[in-house]
Amino acid sequence: EQWSAVPLDRDLLQWDKPDSNPVVSEATFHPAQIGEWRDPFIFSEGGHTYMLTGGMQDGHGIVPIFRAIDAELTKWEFRGVFFQHRTTGSVECPNIAKVGNKWVLFVSVEGRVEAHVGVIDDRAMRFTSEHEQPVLEGAYASQLMPKPNGDHVYLG
């Protein structure tokens with residue numbers, strides 16, 4: 001399950017878990033069978049809000065994608081497999097950012113972080129990797145933090 005929490009103060013010290021939880025469960029993608037799905041990452045594109053998670057399907061590492069169907073982000077629909085890794089059996093900690101006219105998808109696999117540069121088919125919401133490379137050994141669960149000017153900071 002994926003749950004949401006809402007801050008109760010500006011210092012982000014107190015949080016509330018709304019009654020709408022869980023916001024995503026196995027029922028959301030049934031009858032698809034996705035194992036080890038976790039590590040949600042939310043991004044917006046084309047006026048919609050999407051959530052990526054890590055996962056595994058039929059022994060292949062995948063990144064499932066969900067689209068929010070309400071502005072409060074309490075209801076989501078499963079859109080399918082956003083990305084399938086070519087070699088590994090499990091993908092964790094997906095993170096994505098648009099850089100110029102390309103997308104950079106970071107995934108954690110087998111103790112390392114990989115960067116996949118490619119494009120998104122925005123009709124099907126599928127990512128095609130055109131180039132991949134390891135980023136950093138031992139920097140599992142890296143994050144890209146957007147800056148107001150459109151640049152990104154990489155945290156490993």
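This short talk goes through a sheet, two loop residues and a pocket in one predicted model.

Before the details, please keep in mind that residues are numbered from 1 along each chain as its sequence is written, and that side-chain values use heavy atoms, with hydrogens and water left out. Since we are looking at a prediction, local features need pLDDT of at least 70 and side-chain atom pairs count only at pLDDT 80 or more, while totals for chains, interfaces and linings use all residues.

Let me begin with the sheet, which is open, has 4 strands in the order β7-β8-β9-β10, and shows antiparallel pairing. Strands here are DSSP runs of E with at least two residues, numbered from the N terminus, and two of them pair if DSSP finds at least two bridges between them. At the edges stand β7 (92-99) and β10 (126-137), each with a single partner strand, so one side of each has no neighbour in the sheet.

Moving along that order, β7 pairs with β8, residues 102-109, over 6 antiparallel bridges, and within this pairing Lys98 has Trp103 of β8 as its bridge partner. Further on, β9, residues 112-121, pairs with β10 over 10 bridges, again in the antiparallel sense, with Ile120 standing opposite Phe127 in β10. The hairpin of β9 and β10 has 4 residues between the strands, and Met125 takes a positive phi near 55 degrees there.

Now to the loops: is His85, in the loop between β6 (76-84) and β7, buried or exposed? His85 counts as buried because its relative accessibility is 2%, where buried means under 20% relative accessible area, exposed over 50% and partly exposed in between, with a 1.4 Å probe and protein chains only. Its side chain reaches the backbone nitrogen of Thr87 at 3.0 Å, and it also makes a polar contact with the side chain of Glu114 at 2.7 Å; a polar contact is a pair of N or O atoms within 3.5 Å, where within protein one must be able to donate a hydrogen and the other to accept it, and residues adjacent in sequence count only if both atoms are side-chain atoms.

Thr74, placed in the loop between β5 (60-68) and β6, is likewise counted as buried, at 17% relative accessibility, and its side chain makes a polar contact with that of Asp70 at 2.4 Å.

Finally, the largest pocket is lined by 13 residues, and Trp3, Ser4, Val23, Ile42 and Leu73 lie nearest its centre. For this term, a pocket is an open set of points on a 1 Å grid over the protein atoms alone, where a 1.4 Å probe fits, with protein on both sides within 12 Å along at least five of seven lines, and lining residues have an atom within 4 Å of a point.
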